Each structure stands twice: as structure tokens, then as C-alpha cells.
Amino acid sequence: LQLFDAMGTLLAGVGRIRGPLVIIVEDLQWIDSSSSDFVRFLLSRVTSEPLLLVATVRTDGLTARPRARRLLSDLDRLPPVRRHDLEPFDAAEVAEYLARVNGDDTDPAVAAEVFRR
């Protein structure tokens with residue numbers, strides 16, 4: 001708890017001094033127990049500081065990940081938490097994304113293969 005409190009204080013201080021702080025957690029479905037506890041702590045205790053936590057999670061296959069399911073359930077109940085569910089890209093969106101990344105030089109067959117995978 002002392003470590004979590006110190007980290008929360010540090011992050012809040014950075015946010016106050018340097019401006020809003022964005023913390024990004026990728027692939028929340030793989031979270032370990034200590035990180036899960038810290039995310040819960042941070043979002044439940046540091047509510048008035050200039051911090052934004054953005055987390056991504058793949059919801060397919062969560063039945064095999066009880067820790068991630070519990071964390072998401074707990075976070076959904078916190079007032080400052082906002083959840084945004086995104087659908088996967090369709091084939092046209094994959095092609096458009098690759099065209100933007102590659103400067104319109106993407107072979108349609110490559111885009112189709114990327115979408116398939």
C-alpha cells in the first residue's frame with residue numbers, strides 16, 4: 001500500500017507540475033495481480049488529479065482470464081471510468097489504414113491478407 005501510495009503521489013505530482021499526464025496500459029487481458037491491484041488503487045484514489053489512464057483489452061477470450069474479468073468489472077463501477085468498445089476493422093478499413101500508413105502503395109492482395117489474419 002505504501003508503494004502504491006508513493007506511486008500515486010508521484011504520478012499526481014508530475015501531472016500537476018508538467019500538465020496532464022496520460023498513462024497507457026496495453027493488453028490489459030495479460031495483467032498480473034500486482035499491476036491489477038495498482039490500477040484499481042490508482043483509479044479509486046487519485047480522482048481529482050490531472051491523470052488519464054487509457055487501457056486496451058481484447059475482450060474475446062476473457063472467460064479464460066478471471067483476473068482481467070474481475071478488474072474490468074471493478075473498474076466499470078468506478079465513477080470516473082468510461083468504457084469505449086471498438087469493433088474490429090472490416091476489410092475496407094484495413095485497406096484504408098494500410099494505404100494511409102504506406103502512402104497509398106498497398107497492394108490490395110496484401111490488404112486482404114492482413115484482414116484475413
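1. A quick definition before anything else: a residue counts as buried under 20% relative accessible area, as exposed over 50%, and as partly exposed in between. Asp 27 has a relative accessible area of 36%, so it is partly exposed. Please keep in mind throughout that this is a predicted model.

2. Staying with Asp 27, have a look at its backbone. The residue sits in the loop between strand S1 (21–25) and H2. Its phi is near 55 degrees, which is a positive value in a residue other than glycine. As background, most residues other than glycine have a negative phi. I'd click on this loop residue when you go through the backbone.

3. Now the inside. Which residues make up the largest nonpolar core? There are ten of them: Leu 28, Ile 31, Val 39, Leu 43, Leu 62, Ala 68, Leu 71, Leu 72, Leu 75 and Leu 78. Two elements give two or more residues each to this core, namely helix H2 (33–45) and helix H3 (66–76). The top contributor is H3, with four residues. Apart from this core there is another one, of seven residues, including Ile 23, Phe 38, Leu 42 and Val 46. For general context, nonpolar side chains in soluble globular proteins tend to be buried together.

4. Val 39 is a handy residue to centre the view on, as a member of the largest core. If you set aside its neighbours within four places in sequence, Val 39 is in contact with Ile 31, Leu 53, Leu 71 and Leu 75. Of these partners, Ile 31, Leu 71 and Leu 75 are also listed in that core.

5. On to the helix pairs, beginning with H2 and H3. Their axes come within 11 Å and cross at roughly 0 degrees. Angles under 35 degrees count as roughly parallel, so H2 and H3 are roughly parallel to each other. H2 brings Ser 33, Ser 36, Val 39, Arg 40 and Leu 43 to the contact, while H3 brings Arg 67, Arg 70, Leu 71, Asp 74 and Leu 75. Sorted by class, that gives four nonpolar, two polar and four charged residues.

6. Arg 67 deserves its own point here. This residue lies in helix H3, and at a relative accessible area of 35% it is partly exposed. Which residues does Arg 67 contact, leaving aside its neighbours within four places in sequence? They are Ile 31, Asp 32, Ser 33 and Ser 36. For Ser 36, the C-alpha to C-alpha separation from Arg 67 is 7.9 Å, although the two are 31 residues apart in sequence.

7. Next, H1 (residues 2–18) against H2. The two helices pack at an angle of about 55 degrees, and their axes are 10 Å apart. That angle makes H1 oblique to H2, and the crossing is right-handed. From H1 the contact uses Phe 4, Asp 5, Met 7, Gly 8 and Leu 11; from H2 it uses Ser 34, Asp 37, Phe 38, Phe 41 and Leu 42. The class split is six nonpolar, two polar and two charged. Phe 38 and Leu 42 turn up again in the core of seven residues.

8. The last pair is H4 (91–102) and helix H5 (residues 108–116). Here the angle is about 120 degrees and the axes are 9 Å apart, which makes H4 oblique to H5. H4 passes H5 in a right-handed crossing. Ala 91, Val 94, Ala 95 and Leu 98 of H4 meet Ala 111, Val 114 and Phe 115 of H5. What classes do these residues fall into? Seven are nonpolar, with no polar and no charged residues.

9. Two acidic residues round off the tour. Glu 96 is in helix H4 and counts as partly exposed at 43% relative accessibility. From Glu 96 to Ala 111 the C-alpha distance is 8.8 Å, with their positions 15 residues apart in sequence. Asp 85 lies in the loop between H3 and H4. Is Asp 85 buried or exposed? With a relative accessible area of 59%, Asp 85 is exposed. The C-alpha atoms of Asp 85 and Ala 99 are separated by 25 Å, and the two residues are 14 apart along the chain.

Note on methods: Residues are numbered from 1 along each chain as its sequence is written. This is a predicted model: local features need pLDDT of at least 70, side-chain atom pairs count only at pLDDT 80 or more; totals for chains, interfaces and linings use all residues. Side-chain values use heavy atoms; hydrogens and water are left out. A nonpolar core is a set of buried Ala, Val, Leu, Ile, Met, Phe, Trp, Tyr and Cys residues joined through side-chain atoms within 4.5 Å. Buried means under 20% relative accessible area, exposed over 50%, partly exposed in between (1.4 Å probe, protein chains only). Contact means heavy atoms within 4.5 Å. Axes are lines fitted to C-alpha atoms, for helices over the stretch in contact, and angles run from 0 to 180 degrees between N-to-C directions. Angles under 35 degrees count as roughly parallel, over 145 as roughly antiparallel, 65 to 115 as roughly perpendicular and the rest as oblique. A crossing is left-handed if the near helix is turned anticlockwise from the far one by less than a right angle, and right-handed if clockwise. Ala, Val, Leu, Ile, Met, Phe, Trp, Tyr, Cys and Pro count as nonpolar, Asp, Glu, Lys and Arg as charged, and the others, Gly among them, as polar.
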